[in-house]
Amino acid sequence: MSTPTRITASSRAGRGRVDARPRRSSTSDGYWPWLFVTPLLIGVFIFYIYPIFDNFYISFTKQSAFGTSSKFVGVENYVTLFNKQELWLSVLNTLIYTGVLLLGVPIATWLAALIARPGLRFAAVYRVAFFMPYLAMPTAIALVWRLIYNGDFGVLNYILKSFGITNPPHWTSTPGWAIFAVSIVGLWSSIGFNMIILSAGLKNISPELYEAAEIDGASPRRQFFSITVPMLTPSIFFLTVIQAINGFQMFDLLFAMMGLQNPALPSSRTLVYLFYNEGFQLNHKGLAAAIAMIILLIVGILTAIQFKAQKKWVTYA
């Protein structure tokens, strides 16, 4: 027979005693996450955070051509910029380009909804066809569209002349027309990216919503504005933010389409082009840094306004 276990007062006290030693939380990983994240944080600081502060300091100085010497001049660069007509014209041109670029969001919404219709054949082919211009290099796009816009033998003017327009403009070399011509190319090349994002959003809309609306007698147009658009507002909001930022960064397409000797260039410069002209052609490093800070400020304000306004029209299902 086994000897019964004797429960003494000391053993009972031992059972009720709580271990006072600190226990390591199961969710605590110590310093290991920082070990993996630190290289990324260092890269972000070196290539993103530090250049912003360094550029901010340079905007208050006058730099030599190669940056070997500098002189602190306070807000002189900003005063000089705000007294320049080129700055305000560049802001206007940038706003025009950004506005035209934002038109691509509703156009892409309509096209994505058309391609997503049930039973449509070759839908994937259409998506690829629209997305291909976004993958092409801006220089290649510019060369093709320079041929289309050519005032003497371009395809566009040939079509216009066939409709009886006897004197169409030279699109990329006529002041007033050039910025709109470049903006249309930017709009055309951005449609594909917008459609891919919106197509992903369309897949998250339940088909039952359309079936219920069809039973209630809603027309396709009514379904589009009452179901498709409201359910796509998160994707639409994302695209408006991205395209607005892209609009204020526009340089390469304008540079490739216009060239340096174009007579319409002075009236068609964007803010980034003005930054390039002041910083790398005229060697006004301080002025260029001030322009960069103005771009950063405008983009920051515009993005903040968009995030504030999205609370009133974006629907998160």
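Visitor: Which residues make the nonpolar surface patch?

Guide: In this predicted model, a nonpolar surface patch of about 1200 Å² is built from Leu-40, Ile-42, Val-44, Phe-45, Ile-46, Phe-47, Tyr-48, Ile-49, Tyr-50, Ile-52, Phe-53 and Leu-296. Helix H2, residues 32-58, supplies the largest share, 11 residues.

Visitor: Is Ile-46 buried, exposed or partly exposed?

Guide: Between 20% and 50% relative accessible area, a residue counts as partly exposed. Ile-46, which sits in helix H2, has 44%, so Ile-46 is partly exposed.

Visitor: And Thr-270, buried or exposed?

Guide: Buried means under 20%. Thr-270 has a relative accessible area of 1%, so Thr-270 is buried. Look for Thr-270 in the loop between helix H13 (252-258) and helix H14 (271-281).

Visitor: What is Thr-270 in contact with, beyond its neighbours within four places in sequence?

Guide: Ser-90, Thr-94, Ile-179, Met-250 and Leu-254. With Met-250 there is also a polar detail: the backbone oxygen of Met-250 is 2.9 Å from a polar atom of the Thr-270 side chain.

Visitor: How many Å should helix H12 span?

Guide: Count 1.5 Å a residue, using one less than the number of residues. Helix H12 (residues 233-248) has 16 residues, so the expected span is 22 Å; the end C-alpha atoms lie 23 Å apart, which agrees.

Visitor: Which residues of H12 are buried, and what covers them?

Guide: Among the buried ones are Ile-236, Phe-237, Leu-239, Thr-240, Val-241, Gln-243 and Ala-244. The cover for the buried residues of H12 includes helices H4 (85-102), H5 (104-115), H9 (178-202), H11 (220-231), H14 and H15 (285-313).

Technical notes
Residues are numbered from 1 along each chain as its sequence is written. This is a predicted model: local features need pLDDT of at least 70, side-chain atom pairs count only at pLDDT 80 or more; totals for chains, interfaces and linings use all residues. Side-chain values use heavy atoms; hydrogens and water are left out. Patches are made of residues with over 30% relative accessible area and no salt bridge: like charges are joined within 9 Å, nonpolar side chains (Val, Leu, Ile, Met, Phe, Trp, Tyr) within 5 Å. Accessible areas come from the Shrake-Rupley method with a 1.4 Å probe; for residues, only the protein chains shown count as cover. A salt bridge is a side-chain nitrogen of Lys or Arg within 4 Å of a carboxyl oxygen of Asp or Glu. Helices (H or I, at least four residues) and strands (E, at least two) are DSSP runs, numbered from the N terminus. Buried means under 20% relative accessible area, exposed over 50%, partly exposed in between (1.4 Å probe, protein chains only). A polar contact is a pair of N or O atoms within 3.5 Å; within protein, one must be able to donate a hydrogen and the other to accept it, and residues adjacent in sequence count only if both atoms are side-chain atoms. Contact means heavy atoms within 4.5 Å.
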